[in-house]
Amino acid sequence: MNAAKLIVMYPTPADVAVFERRYAQEHVPMAVEKLAGKIRFDANLIASAPGREQAPYHRIAEVYFPSMKALEDCLSSPGGQETAAHAVEISSGGAPLFLIAEVETFIF
């Protein structure tokens, strides 16, 4: 059974400082506490998009789960719903894009 991950892509916020403060002080602690079953959480700050003046996303969060069922159970839980709603609330540059992926890892 493959691992799964939730990907949340945040557009460039209207006020980067406010978004970053809320992301660090509110959202990350909420995700750590309330996303049951997670096994890893990567919070990526996008540095650039080669060939573009500005990257279309400011942050991309990746939350890993041991299986698709564990991810789905998390998202349907009260903590998962609350955390997803908070992601939408703090995303002042437009609605974040939520994606679900199966993970296949190649280690070199």
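**Entry 1: a histidine in helix 1**

I began with His27, which is found in helix 1. The model I am reading is a predicted one, and I kept that in mind throughout. Is His27 buried or exposed? I found a relative accessibility of 5%, so His27 counts as buried, the cut-off being under 20%.

Next I looked up what His27 touches, leaving aside its neighbours within four places in sequence. The list is Tyr10, Arg22, Thr83, His86, Ala87 and Ile90. One name there is another histidine, His86, and I followed it.

**Entry 2: the histidine across from it**

I found His86 in helix 3. His86 counts as buried too, at 8% relative accessibility. With neighbours up to four places away left out, I noted contacts from His86 to Arg22, Glu26, His27 and Met30. I also checked a distance: the C-alpha atoms of His86 and Met30 are separated by 8.8 Å, although these positions lie 56 residues apart along the chain.

**Entry 3: aromatic rings**

How many aromatic pairs does the structure hold? I got three. I picked the pair of Phe19 and Tyr23, which is stacked, with 5.5 Å from centre to centre and 25° between the planes. Why are these two about one helical turn apart? They are both in helix 1 and four residues apart, so about one turn separates them.

I looked at burial for each ring in turn. Phe19 has a relative accessible area of 2% and is buried. Tyr23 is buried as well, at 2% relative accessibility. Adding Tyr10 to Phe19 and Tyr23 gives one aromatic cluster.

Then I listed what else Tyr23 meets, again without neighbours within four places. Its contacts are Tyr10, Val28, Pro29, Phe41, Ala43, Arg59, Ala61 and Ile90.

One more ring caught my eye: the charged end of Arg40 sits over the ring of Tyr64, 4.6 Å from the ring centre.

**Entry 4: the nonpolar core**

I moved on to the largest nonpolar core, which has 16 residues. Which residues have the most contacts inside this core? They are Leu6, Tyr10, Tyr23 and Phe65. The elements giving two or more residues to the core are strand 1 (3–11), helix 1 (16–34), strand 3 (57–65), helix 2 (68–76) and helix 3 (78–90). I noted that strand 1 supplies the largest share, with four residues.

**Entry 5: strands side by side**

Strand 3 was my next stop, and I found it mostly covered, with eight of its nine residues buried. Strand 3 runs antiparallel to strand 1, and eight bridges join the two. Strand 2 (residues 40–45) is also antiparallel to strand 3, joined to it by six bridges.

I chose Ile60 in strand 3 as a place to look both ways. Met9 stands opposite Ile60, and Asn44 stands opposite Ile60 too.

**Entry 6: Ala4 in strand 1**

I placed Ala4 in strand 1 and read a relative accessible area of 0%, so Ala4 is buried. What does Ala4 touch, apart from its neighbours within four places in sequence? I wrote down Val63, Tyr64, Phe65, Ser67, Met68, Leu71, Ala101, Glu102 and Val103. Ala4 and Ile100 are 96 residues apart in sequence, yet their C-alpha atoms are 7.3 Å apart in space.

**Entry 7: two sides of helix 2**

I looked up which residues of helix 2 are buried, and got Ala70, Leu71 and Cys74. Why do I say that they line one face? Seen down the axis of helix 2, the buried residues fall within an arc of 100°, so they share one face of the helix. On the face turned away from that buried side I found the exposed residues Lys69 and Ser76.

What covers the buried residues of helix 2? The cover includes strand 1, strand 3, helix 3 and strand 4 (97–103).

**Entry 8: a stop in a loop**

Last, I looked at Ala36, in the loop between helix 1 and strand 2. Not counting residues up to four places away in sequence, Ala36 touches Phe65 and Cys74. I had already met Cys74 among the buried residues of helix 2, and Phe65 among the core residues with the most contacts. From C-alpha to C-alpha, Ala36 and Gly80 are 7.6 Å apart, with their positions 44 residues apart in sequence.

Conventions. Residues numbered from 1 in each chain as written. Predicted model: local features only at pLDDT ≥ 70, side-chain atom pairs only at ≥ 80, totals over all residues. Heavy atoms only, no water. Core = buried A, V, L, I, M, F, W, Y, C linked by side-chain atoms within 4.5 Å. Buried < 20%, exposed > 50% of the residue type's maximum accessible area, 1.4 Å probe, protein only. Contact = heavy atoms within 4.5 Å. Arc of directions from axis to C-beta. Phe/Tyr/Trp six-rings, centres within 6.5 Å; stacked < 30°, edge-to-face > 60°. Lys NZ or Arg CZ within 6 Å of the ring centre and 35° of its normal. Pairing = 2+ DSSP bridges.
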